[in-house]
Structure formats: C-alpha cells, structure tokens
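Please consider how the terms used for a protein model follow from computed values. The questions and answers below set such values against their definitions.

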Amino acid sequence: MENLMNEILKCLYERKSIRLFTEQEITKEQKDEILDAAIQAPTAGNQGLYTILEIENQELKNTLSVLCDNQPFIAKAKLVLVFLADCQKWFNAYRYAKADYREPELGDLIIACEDAMIAAQNAVIAAESLGLGSCYIGDILENCEKITKELRLSKYVFPVAMVVFGYPTPQQKARIKPKRFPKKYMVQKNTYSDYSEKETRDMFLGRNEENDYEFERYIKAFCTRKYTSEFAMELNRSVNKYMQAYKKE
Ligand SMILES: Cc1cc2nc3c(=O)[nH]c(=O)nc-3n(C[C@H](O)[C@H](O)[C@H](O)COP(=O)(O)O)c2cc1C
C-alpha cells in the first residue's frame, strides 16, 4: 500500500495532550508562529469571528487554574491562550456603520465557536511542529460569572476553549497516547444511523488495558466521573448562563 505519511500527517498522529511542562520558556518568535498559524485557519465568510486572549499575567493564570476545576498545570504553562467565540466585533461594526442590524443569536454563536476551535487546533498543530506540547482545557466553560469578570468579557464574547502550551517533560513525552475508537465507530457513509447496543458494546472493547474490563462497570464509572459529576453539572449551568444573551424569544 502506498505510504502517504508526510510531516503534517506525522504531527497529527504524534500530537497528544501534554500536562507537565519543563521550565524552558517559549520564545517570542515561537509564540508569534503559533498565533500567526492560528490566524491562518479558515473562518466563516473570512469574518474572523474569534479573538485569542493570551494570558500573560501570572496571577490571572493562577486564578484560571483554580476556576478551571483546579488544574495546577495551567498556572505552570508557558503560554496560555483562551479562544473566544467573538460575536461582539461584527455586532459593533454593524452598529458603528448604522447597518440594519440585529442582536447575535445561537446560530451566529455556533459559527463563531467553529471559527475559534479551528484556529485553536491550528495553534496546537503549529506548536507540535515546533516541538511544543499543549493541552485543551474544557473547564474554561465553567464559572461563567467569575470568568466573565476576570477576563472582562463583553456580552457577545464566549470563551469556547483554552489551550496551554509548554515544553513536555520527558515523562510526558514518553506517555503513550490514548487509543482512539476504531474508524468504523467514527465514520459513517451518507446518512446517519444510531449505533446498536451490540455496536456500542463492541465499540468500547480494547479501550481499556485492564483484563477484567466490563462494559457496565466502565461506563457507570465514566458516567459518574464525567457526565453527572459536579463539574459536568457546573459546566452545563455555566454554559446555559452564557447562552442567555443569544436566546431570543
Ligand atoms: C474540548 C477539549 C477539552 C479538554 N479539556 C481538558 C481538561 O480540562 N483537562 C485536561 O487535562 N485535558 C483536557 N482535554 C484533553 C483530553 O482529555 C485529551 O485530548 C484526550 O484524553 C485524548 O488524549 P490525547 O489528547 O493525549 O490524545 C480536553 C480536550 C478537548 C478536545
């Protein structure tokens, strides 16, 4: 079979989350490359419906590490970027131009989230190509009121993702990347169909290294940890709060 592997594909396969960083600083040139690569991402209608907040202030990093479900490695990251889905900048432009405008709605927000996430992943891959590790922090979605205050977010600015960067420690470099689900459970053709119970059970086989893997036990534990847990409840409460600005009767 033809081997199509190239440097970009290698980067995609080799990238894994890095949660412990060495003391080595990221240079200004590297930061600029990461930010410039992020901005090269496609964006709906070339509107650039996002803003990247670079968190330079150490106290703010510390606060974010607490507000984002107490993850201390956030405070130790050498580069912290918050990707803001930004419906505010065009809304302001429409107002300044006295266009026949309306308030942003959920559809506008989702498009802005898509823009922001694509830019974030460009930043992640650019960092990987420079030998830097990174980790997404989904918990930036929590604590709407406090995050809004700390980052001084405007009404139509939503922090959809945070990514932290740094040089990986040798232990993190050696960590085995978690397995993905097999492609047959991730890709369908033409139209969607629900995965049957058998397919759902089979999908999880081989996920876990444990010999005594049991579907019920694994899924119930996962549900408690990730779906009905306090942080998952907080995440949903907080996102609902952000959404209030966009929901129109
Ligand atoms: C949207 C999103 C949010 C995430 N949030 C966190 C987080 O808050 N803390 C964390 O340690 N990892 C977080 N991760 C990293 C995932 O846990 C990780 O990508 C996943 O376990 C797969 O491992 P890998 O990235 O090493 O391949 C997040 C990843 C994504 C895409």
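Q: What makes the approach of Tyr-136 to the ligand a polar contact?
A: A backbone N or O atom of Tyr-136 lies 3.2 Å from a nitrogen atom of the ligand. A polar contact is a pair of N or O atoms within 3.5 Å (within protein, one must be able to donate a hydrogen and the other to accept it, and residues adjacent in sequence count only if both atoms are side-chain atoms), so this pair qualifies. A polar side-chain atom of Ser-17 lies 2.6 Å from an oxygen atom of the ligand, and a polar side-chain atom of Asp-139 also lies 2.6 Å from a ligand oxygen atom.

Q: How much of the ligand does the protein bury?
A: Taken alone, the ligand exposes 620 Å², and the protein buries 64% of that. Such areas come from the Shrake-Rupley method with a 1.4 Å probe; for residues, only the protein chains shown count as cover.

Q: On what kind of model do these values rest?
A: The model is predicted: local features need pLDDT of at least 70, side-chain atom pairs count only at pLDDT 80 or more, and totals for chains, interfaces and linings use all residues. Residues are numbered from 1 along each chain as its sequence is written, and side-chain values use heavy atoms, with hydrogens and water left out.

Q: Why is the pair of Tyr-156 and Tyr-246 called edge-to-face?
A: Rings of Phe, Tyr and Trp (its six-membered ring) pair if their centres lie within 6.5 Å; planes under 30 degrees apart count as stacked, over 60 as edge-to-face and the rest as tilted. The ring centres of Tyr-156 and Tyr-246 are 5.3 Å apart and their planes stand at 65°, so the pair is edge-to-face.

Q: How do you know that Tyr-156 is buried?
A: Buried means under 20% relative accessible area, exposed over 50%, partly exposed in between (1.4 Å probe, protein chains only). Tyr-156 has a relative accessible area of 2%, and therefore counts as buried. Tyr-246, at 2% relative accessibility, is buried as well.

Q: What makes Phe-158 and Tyr-242 an edge-to-face pair?
A: Their rings lie 5.0 Å centre to centre, with 70° between the planes, and the pair is edge-to-face. Both Phe-158 and Tyr-242 are buried.

Q: Why are the buried residues of helix α5 said to lie on the same side?
A: In helix α5 (residues 88–96; a helix is a DSSP run of H or I, at least four residues, numbered from the N terminus), Gln-88, Phe-91 and Asn-92 are buried. They cover an arc of only 100° around the axis, taken from the directions from the helix axis to the C-beta atoms, which puts them on the same side of α5.

Key
Helices (H or I, at least four residues) and strands (E, at least two) are DSSP runs, numbered from the N terminus.
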